[in-house]
Amino acid sequence: MPLDPVVKALLDRLEAAGRPPTSTLEPGEARENYRRLIQLAGIPEKVAASQDRSIPGPAGKIPVRIYSPLGAEDGPLPVLVFYQGGGMVIGDLDTHDQICRMLANRAGCKVVSVAYRLAPEYKFPAAVEDSYSVLQWVAGHTAEFNGDSSRLAVGGDSAGGNLSAVVAQLARDQGGPRLLFQLLIYPATAQLGQFPSYEENAQGYFLSKDSIVYFYNHTVGKDADPSDPRIAPLEAENLAGLPSALVITAEYDPLRDEGKAYADRLREAGVPVSFHNYEGMIHAFYQMPGLLPLAIQAIDESAQALKAAFSNKLTSHTALAFQNEGLVKPKVNSPDNPVVFR
């Protein structure tokens, strides 16, 4: 499918404005450049409440933001622990504020957004340690914010999708907390350059190959093993016993193929998984609901999958995902068509 015309216009405007490639910037400059994209999220959606607080972590306090949905405060409510993208270098609570608001309202759940330590100030495994620590804290303190410790999920985009997959593996291997669901939005799951989309979409589609290498070099120390599943969760020997998942990818994204590969391996391991590749879209489209109708569709799809997991019921959407035969390729611009394919 051709690049979505609205996305193409955005990319053309960014190029005309002389937006410097992330890979050419110092981390502080890259963070400020990334924050300019907040305007593409649209007017912040109203929630019942959002609270900033700090919780204890392995190397000091970890900032979190806890969102309460509109119209669902009888509780206790299910909880999504959300890890933001940005290569573990440039994201923060504000860059993903709108996503968390929309997910909270649409899924009727609490959302705990995590400001894990960023690289290069804090290299691997700092972000992993913080992410797992917050999940453990949430599981033990849900009563403090009207959450339900028996209905927990993790989710995130890009680097946050990586952390969600890693934390789900850690929770399985280290005795909890028990998770019902993982929301993996164009997750980084593999070693660098392992799949064709890495080269096919290397330049010109917002996230470049050079930027991925930039993030990797800042995040992963020279002594780290690139095949460590805490870096590349696709390298884990066994994915059985992990929580059900929704994996979302974008057609014009260097990470597209590794997201699908992770979904395939989850399915092969017997994990219920739904996969949707959004045609015509680029990396970071999920952060642009103020500009892209398909971003709203993807957030709605995520919320429906979360609600199904929290309620322990199969919707028609997830029922399609759990079939083990055939290929259903949707026309993603039509809400009347199924949004799950193999």
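## Helix α3 and its surroundings

Helices here are DSSP runs of H or I that span at least four residues, numbered from the N terminus. Please keep in mind that this is a predicted model. With that in hand, let us start at helix α3, residues 97-107. Just after α3 comes G108, which has a positive phi, near 65 degrees.

How many of the 11 residues of α3 are buried? The count is 10, so the helix is largely enclosed by the rest of the structure. The buried residues are D97, Q98, I99, C100, R101, M102, L103, A104, N105 and A107. Their packing partners are strands β1 (49-57), β2 (60-68), β3 (77-83), β4 (110-114) and β6, together with helix α9.

## Where α3 meets α9

One of those partners, α9, deserves a closer look. The axes of α3 and α9 approach to within 9 Å and cross at roughly 45 degrees. The two helices are therefore oblique to each other, and their crossing is right-handed.

On the α3 side, the contact is formed by M102, L103, R106 and A107. On the α9 side, I296, I299, D300, S302, A303, L306 and K307 take part. By class, the contact residues comprise 7 nonpolar, 1 polar and 3 charged.

## The nonpolar cores

L103 also appears in the largest nonpolar core, which has 58 residues. Which of its members touch the most other members? They are L103, V111, F285 and Y286. Helix α9, residues 293-311, is the biggest contributor to this core, with 9 residues. A second, separate core holds 49 residues, among them V79, L234, A245 and V247.

The neighbourhood of L103 ties several of these pieces together. Leaving out residues up to four places away in sequence, L103 touches L80, F82, G108, C109, V111, L183, Y286, I299, S302, A303 and L306. G108 in that list is the residue with positive phi that follows α3.

## Two buried polar residues

S302 sits in helix α9. Is S302 buried or exposed? Its relative accessibility is 0%, so S302 counts as buried. Beyond its neighbours within four places in sequence, S302 is in contact with L103, L183, L246, I248 and Y286. Its C-alpha atom lies 7.3 Å from that of L246, although S302 and L246 are 56 residues apart along the chain.

Q182 belongs to strand β6, residues 181-185. With a relative accessible area of 0%, Q182 is buried as well. Apart from residues up to four places away in sequence, Q182 touches V154, S164, A165, A168, L242, P243, S244, A245, L246 and L266. L246 is thus found among the contacts of Q182, and among those of S302 too.

## Where α4 meets α5

Another helix pair offers a second packing example. Helix α4 (residues 126-141) and helix α5 (residues 159-173) have axes that come within 10 Å and cross at roughly 60 degrees. At that angle, α4 and α5 are therefore oblique to each other, and the crossing is right-handed.

Which residues make the contact? From α4 they are A127, V128, S131, Y132 and L135, and from α5 they are L163, V166, V167, L170 and A171. An α-helix has 3.6 residues a turn, so residues three or four places apart point the same way. The contact residues of α4 and α5 divide into 9 nonpolar and 1 polar, with no charged residue.

Note on methods: Residues numbered from 1 in each chain as written. Predicted model: local features only at pLDDT ≥ 70, side-chain atom pairs only at ≥ 80, totals over all residues. Heavy atoms only, no water. Core = buried A, V, L, I, M, F, W, Y, C linked by side-chain atoms within 4.5 Å. Buried < 20%, exposed > 50% of the residue type's maximum accessible area, 1.4 Å probe, protein only. Contact = heavy atoms within 4.5 Å. Axes fitted to C-alpha atoms, helices over the stretch in contact; angles between N-to-C directions. Parallel < 35°, antiparallel > 145°, perpendicular 65-115°, else oblique. Left-handed = near helix turned anticlockwise from the far one by under 90°. Nonpolar A, V, L, I, M, F, W, Y, C, P; charged D, E, K, R; others polar.
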